[in-house]
Structure formats: C-alpha cells, structure tokens
Amino acid sequence: MRLPLLPVFLVLSTAAATPLLSSKTSVVQGNFCTTYACTLRDRRTILPETLGLLSYTYAIHGGTLIVGRESNMAIISASLDLPPSSWNQSVVRDFLRNFIGLQIEPNTLRRCVRLAMYTGSSVPTPLISGTQGTLSFSADCQAQASGNVLLTVQDQSFQPR
C-alpha cells in the first residue's frame with residue numbers, strides 16, 4: 001500500500017517550486033532574494049562579441065549570489081558562495097529549491113562540501129544532475145581560494161551560439 005503513495009508524495013514535494021533556472025523571471029523579485037535581501041553589486045557582460053552572456057552578482061545575508069543569463073535574459077546558471085560553516089543553514093536549501101525546484105538530502109550536501117574542501121579549487125565536485133519537468137540541470141560544489149565553497153547549478157540544455 002505504501003509504494004503506490006510514494007510517487008504521489010515525491011511529485012507533491014517537488015512540484016511546489018517553479019525553478020528559476022532556464023526561466024526569464026526576475027531573481028530580485030523572487031522568494032530567494034526577498035528572504036535573503038539581495039543587493040546588486042555588479043552587472044557584467046561576458047564575451048560581448050561572441051556570446052553576450054550577462055553576469056549579475058548580488059550580496060546576500062552571509063554570502064554572495066551570482067546569476068548567469070543569456071542575452072535573452074534566460075537564467076543559465078546560479079552560484080551561491082558561502083563559508084563552509086553556512087552549508088547546513090536554510091539559505092542553501094532555499095537556493096536549491098528556488099533555482100532547481102528540489103531539496104537535496106543534507107548528508108549528500110555535506111559530503112559534497114567536505115570533498116570540495118579536500119580536493120581544493122582545481123576540480124568541481126558533482127552534487128546532483130537530473131531533470132525536473134523540462135529542466136535538465138547539474139549542480140556541483142567547488143572550494144574557493146577564500147576558503148568558501150561555491151555551489152553552482154547549471155542549465156544543461158544551454159548551448160552557446
């Protein structure tokens with residue numbers, strides 16, 4: 001009797017959030033930035049002659065949020081830069097829920113952060129990849145020279161022009 005209810009529970013637990021990744025939705029007006037008081041620090045065009053990608057850097061309570069967009073404003077990546085001590089706080093869960101529409105098991109996230117700190121900044125440590133609705137995504141952790149860890153989610157369907 002439990003098995004038929006399990007898929008319904010999983011759908012209900014992930015369907016509540018519409019992911020920001022791959023959307024053209026305003027990040028600043030969304031739940032994440034409302035909760036964590038995002039303040040725009042920098043807006044930059046990356047490779048304007050070829051790709052015309054945009055990078056937005058926001059200060060948030062306790063860290064930094066970096067959002068990558070295509071020239072048509074679709075979000076192709078988002079990164080959360082935090083000290084290792086912040087990884088068990090709600091900001092990480094809210095980031096993942098808002099950008100990919102999923103919750104990650106806390107022990108899985110802790111393992112990713114620990115492995116990233118162990119391997120250093122040379123190689124990202126994979127956290128998860130998959131599909132949520134029509135969104136194909138990946139997420140990884142990477143240690144930074146500052147001692148922080150960067151959690152990045154990416155739209156896997158993004159194809160540079």
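Student: Is Asp94 buried or exposed in this model?

Tutor: The model is a predicted one, and in it Asp94 has a relative accessible area of 14%. Buried means under 20%, so Asp94 counts as buried.

Student: Which residue does the side chain of Asp94 meet in a salt bridge?

Tutor: The idea is to look for a charged partner of opposite sign. Here, Asp94 meets Arg97, with 2.7 Å from N to O. Arg97 itself is partly exposed, its relative accessible area being 33%.

Student: Where do Asp94 and Arg97 sit relative to each other in helix α3?

Tutor: They are 3 residues apart in α3, which spans residues 90–100, so about one helical turn separates them.

Student: How many salt bridges does the count come to?

Tutor: The count comes to 2. Besides the pair in α3, Asp42 forms a salt bridge with Arg44, and their closest N and O atoms are 3.0 Å apart. Asp42 is partly exposed at 30% relative accessible area, and Arg44 is partly exposed too, at 46%.

Student: Let's turn to the fold. What order do the elements of the chain run in?

Tutor: A good habit is to read the elements from the N terminus on. In this chain they run α-α-β-β-β-β-α-α-β-β-β, which comes to 4 helices and 7 strands.

Student: How do β1 and β2 run, and how many bridges join them?

Tutor: Pairing is read from the bridges between two strands. Strand β1 (residues 39–46) and β2 run antiparallel and are joined by 7 bridges. As one example, Thr45 has Leu54 in β2 as its bridge partner.

Student: Which way do β2 and β3 run?

Tutor: They run antiparallel, with 7 bridges joining β2 to β3 (residues 63–69). Tyr56, for instance, is partnered with Val67 in β3. The hairpin of β2 and β3 has 2 residues between the strands, and in this hairpin Gly62 takes a positive phi near 90°.

Student: Why is β2 described as largely enclosed by the rest of the structure?

Tutor: Strand β2 covers residues 53–60, and 7 of its 8 residues are buried, so the rest of the structure largely encloses the strand. For the chain as a whole, 43% of the 161 residues count as buried.

Student: What should I expect of nonpolar side chains in general?

Tutor: In soluble globular proteins, they tend to be buried together. In this model, the largest nonpolar core has 38 residues, and those touching the most other members are Phe32, Leu65, Val92, Phe95, Phe99 and Val153. Elements giving two or more residues to this core include α2 (31–36), β4 (75–82), α4 (106–119) and β7 (149–155). Helix α3 gives the most, with 6 residues.

Student: Which residues is Val92 in contact with, leaving aside its neighbours within four places in sequence?

Tutor: Contacts of this kind show what the chain brings together. For Val92, they are Leu80, Leu82, Ser86, Trp87, Leu109 and Leu151. Across the chain, among contacts between residues at least 6 apart in sequence, 47% join residues at least 24 apart.

Student: One last residue: is Gly133 buried or exposed?

Tutor: Gly133 is exposed, with a relative accessible area of 67%. Its place is the loop between β5 (125–132) and β6. To locate Gly133 in space, take Ile100 as a reference: the two are 33 residues apart along the chain, and their C-alpha atoms are separated by 10.0 Å.

Notes:
Residues numbered from 1 in each chain as written. Predicted model: local features only at pLDDT ≥ 70, side-chain atom pairs only at ≥ 80, totals over all residues. Heavy atoms only, no water. Buried < 20%, exposed > 50% of the residue type's maximum accessible area, 1.4 Å probe, protein only. Pairing = 2+ DSSP bridges. Contact = heavy atoms within 4.5 Å. Salt bridge = Lys/Arg side-chain N within 4 Å of Asp/Glu carboxyl O. Core = buried A, V, L, I, M, F, W, Y, C linked by side-chain atoms within 4.5 Å.
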